[in-house]
Amino acid sequence: MSAGPTPRAFRGLTRWSRDARSPLRDFLRTETGSAAVLLVAALAALAWANLTPTGYEALWRTELSVRLGAYGVGLELREWVNSGLMALFFFVVGLEARREFDLGELRERRRTALPLVAGLSGMLVPVLVYLAVNVGEPSAAGWGVAMSTDTAFALGILALMGRRMPPGLRVFILSISVVDDFVALAVVAVVYSGSLSVPALMSALALFALALLVHAAGVRRGAVYALLAAALWAALLESGIDPVVTGLAMGLIFAAYPVARGELERASDLFRFFREQPTPELEMTVRRGLASAVSPNERLQRLYHPWTSFVVAPLFALANAGIELSAEQLSRALTSTVTLGVLLAFVIGKPLGILGASLLTTLLSGGRLRPPAGWGAVAVGGTLAGVPFTVSLLIAAFAFEGPRLAEAKIGVLWAVLCSFLLSSLLTWVLQLLPPRRRLRALLGRAEPLVDLAVPVDPERDHVRGSPDAPVTLVEYGDFECPYCGQAEPVVRELLRDSGDVRYVWRHLPLDDVHPHARAAAEAAEAAAEQNRFWDMHDALMEHQGALGAADLLRYAEALGLDVERFRRDLRKRRGAARVAEDVESADLSGVSGTPSFFVNGRRYHGAYDVVGLKAAVKEARARATLAS
């Protein structure tokens with residue numbers, strides 16, 4: 001009997017089925033969760049500013065100086081938050097933008113055109129609306145307040161809609177938000193910064209060039225980049241450009257890439273060395289080896305995103321959302337062109353700009369460029385993009401002061417509420433449509449990216465279920481992997497309850513951690529030579545802890561196979577080439593661990609439970625129905 005662990009031995013592990021998330025899924029979950037914290041912080045700021053207005057302003061106007069020898073920086077607490085901590089916030093935005101270009105929907109470069117056009121139009125139209133309301137007024141200089149979407153609030157509201165909106169809408173909003181943040185920070189740097197100091201600006205450019213060279217040289221020590229970022233921030237502050245752009249620039253440096261199986265195997269080797277000789281030196285080597293297996297982009301997101309979502313953004317709201325809501329102030333806001341301009345810009349200008357540009361781009365491209373969701377969902381996305389907050393309040397603090405600043409803040413808060421109500425109304429209207437029209441309005445006709453490098457071939461692949469099923473579920477699995485064992489009953493339930501799904505198993509034996517996995521895969525192929533692949537597959541999954549040579553022969557005998565032929569095929573390793581082909585296809589598809597699922601060729605990153613897989617299958621079935 002082999003000594004491999006059984007699935008039962010892993011029941012005490014973390015709920016893997018709920019924790020198997022992609023970086024994009026992690027990003028969305030953190031943003032939506034932080035929306036509630038951000039709202040609480042904004043309400044706390046309002047309460048504080050109205051209960052003790054003098055104390056609120058006195059605290060945030062307190063000056064804090066940091067000195068190093070003869071050089072020092074002295075800013076008010078609010079400025080430290082707005083220009084200092086918010087640089088960290090935009091660092092995470094830069095990381096996510098780079099991840100989307102490297103691994104996400106925008107990795108196919110032609111798909112960047114529509115979010116780029118929609119994002120720019122979704123900023124230009126609101127600005128024009130604001131200027132139209134404030135034409136000829138000094139307040140027209142505050143047009144930058146009317147530009148930017150708050151990603152956390154937008155995705156938080158989207159989360160409240162649950163499964164009524166397609167996943168593609170989240171990607172669409174996120175892509176537009178990336179463009180939004182880029183342009184908004186450029187506006188802050190160019191329009192709302194102070195007088196320009198050319199020597200300091202040249203120093204900042206030289207420091208950023210040095211950061212690029214250091215990264216190209218393969219330096220991975222965080223302290224080096226932290227020092228360069230601090231120096232760049234100080235140089236930009238001295239130049240007169242708001243240093244908040246430092247974060248975005250540094251975030252774009254770090255590439256995102258899938259974990260390579262070779263890196264994982266090296267990490268496994270390092271851990272085995274440490275197991276044999278647990279010394280402090282090897283412990284440090286193992287830590288570095290494990291860290292190097294994951295892209296810097298993902299590691300930095302995991303490190304900083306919770307801080308920016310649950311600390312930095314709420315602190316920003318606490319420092320900037322405080323408005324003294326006296327009767328006089330509210331009365332003045334009702335007739336203020338600033339308040340009205342901001343409100344109309346976001347509630348009307350944003351949806352029109354995004355939806356109009358998306359329609360025009362689709363028409364001009366002859367349908368080659370389409371949003372990743374239907375037009376009904378895009379309309380909802382346009383209203384969600386009309387939710388301002390963080391960047392709008394940041395620009396308001398630069399553009400206005402006194403009563404005008406308060407009026408701008410009131411406009412922002414009203415826009416948040418009105419955009420939420422409008423998006424909820426549109427969602428309700430979509431649910432009233434007949435089923436097929438609702439599906440088309442939500443899903444649209446855009447072809448999703450295909451992640452499966454080698455298409456399913458019924459003549460070659462092992463297929464379970466109807467060969468003509470509209471939905472194909474591909475699993476890369478390992479017979480000794482306990483997580484594959486836990487996923488197996490989920491897959492069976494899915495096949496039992498969904499008659500229009502075909503299931504494909506492809507081998508990915510993880511030799512460095514599962515010593516019997518390759519032999520088990522070759523045993524399944526030997527059984528396939530006798531047309532009994534699925535019988536052997538089920539036996540191996542049922543007995544994951546017993547995959548030794550004697551065990552494999554016993555299963556062949558129990559299944560009634562020609563044991564001598566089975567033994568001969570194993571000895572000659574006739575299934576080795578077939579297993580190697582599956583492993584190569586896994587590498588081409590960016591698969592490094594098991595189980596990895598693909599639904600109609602698209603990589604599935606959700607939880608490996610019945611609810612998650614059924615939702616993915618349901619969407620794939622709906623898309624197939626619309627395409628037919």
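This briefing describes the sheet, the helix packing, the aromatic pairs and the backbone geometry of one structure. The model is predicted. Its open sheet of five strands has mixed pairing, and helix α25 lies across β3, β4 and β5 of the model. The structure also holds 12 aromatic pairs, and a cis peptide bond joins T594 and P595.

**The sheet**

- The five strands of the open sheet follow the order β3-β5-β4-β6-β7, and their pairing is mixed.
- At the edges stand β3 (462-464) and β7 (602-604), each of which pairs on one side only.
- Neighbouring strands of this sheet are turned against each other by 30 degrees on average, with direction ignored.
- Strands β4 (residues 471-477) and β6 (residues 596-599) run antiparallel and are joined by four bridges.
- Within β6, V599 is the bridge partner of L473.
- In general, the strands of a sheet pair through backbone hydrogen bonds, in either a parallel or an antiparallel manner.

**Helices α25 and α21**

- Helix α25 (residues 576-588) lies across β3, β4 and β5 (501-507), and runs at about 105 degrees to β5.
- The axes of α25 and helix α21 (residues 517-528) come within 8 Å and cross at roughly 115 degrees.
- Because of this crossing angle, α21 is roughly perpendicular to α25.
- The crossing in which α21 passes α25 is right-handed.
- On the α21 side the contact is made by R518, A521, E522 and E525, and on the α25 side by A576, R578, V579 and V583.
- By class, this contact of α21 with α25 comprises four nonpolar and four charged residues, with no polar ones.

**Helices α5 and α15**

- Helix α5 (residues 113-133) packs with helix α15 (residues 337-364) at an angle of about 145 degrees, and their axes are 6 Å apart.
- The crossing in which α5 passes α15 is right-handed.
- The contact of α5 with α15 divides into 16 nonpolar residues, nine polar residues and one charged residue.

**Helices α16 and α18**

- Helix α16 (residues 375-384) and helix α18 (residues 403-431) have axes 8 Å apart and pack at an angle of about 170 degrees.
- Because of this angle, α16 is roughly antiparallel to α18.
- The crossing of α16 and α18 is left-handed.
- In the contact, G376, A377, A379, V380, T383 and L384 of α16 meet S419, L422, S423, L426, T427 and L430 of α18.
- The residues of the contact of α16 with α18 are seven nonpolar and five polar, with no charged residue.

**Aromatic pairs**

- The structure has 12 aromatic pairs.
- One of these, formed by W80 and W233, is stacked, with 5.7 Å from centre to centre and 10 degrees between the planes.
- This pair links distant parts of the chain, with W80 in helix α4 (residues 77-102) and W233 in helix α9 (residues 222-239), 153 residues apart.

**Backbone geometry**

- Most residues other than glycine have a negative phi, and most peptide bonds are trans.
- The bond between T594 and P595 is a cis peptide bond, with omega of about -5 degrees.
- P595 is found in the loop between α25 and β6.
- N531 is not a glycine, although its phi is positive at about 60 degrees.
- The loop between α21 and α22 (533-542) contains N531.

Conventions: Residues are numbered from 1 along each chain as its sequence is written. This is a predicted model: local features need pLDDT of at least 70, side-chain atom pairs count only at pLDDT 80 or more; totals for chains, interfaces and linings use all residues. Side-chain values use heavy atoms; hydrogens and water are left out. Two strands pair if DSSP finds at least two bridges between them. Helices (H or I, at least four residues) and strands (E, at least two) are DSSP runs, numbered from the N terminus. Axes are lines fitted to C-alpha atoms, for helices over the stretch in contact, and angles run from 0 to 180 degrees between N-to-C directions. Contact means heavy atoms within 4.5 Å. Angles under 35 degrees count as roughly parallel, over 145 as roughly antiparallel, 65 to 115 as roughly perpendicular and the rest as oblique. A crossing is left-handed if the near helix is turned anticlockwise from the far one by less than a right angle, and right-handed if clockwise. Ala, Val, Leu, Ile, Met, Phe, Trp, Tyr, Cys and Pro count as nonpolar, Asp, Glu, Lys and Arg as charged, and the others, Gly among them, as polar. Rings of Phe, Tyr and Trp (its six-membered ring) pair if their centres lie within 6.5 Å; planes under 30 degrees apart count as stacked, over 60 as edge-to-face and the rest as tilted.
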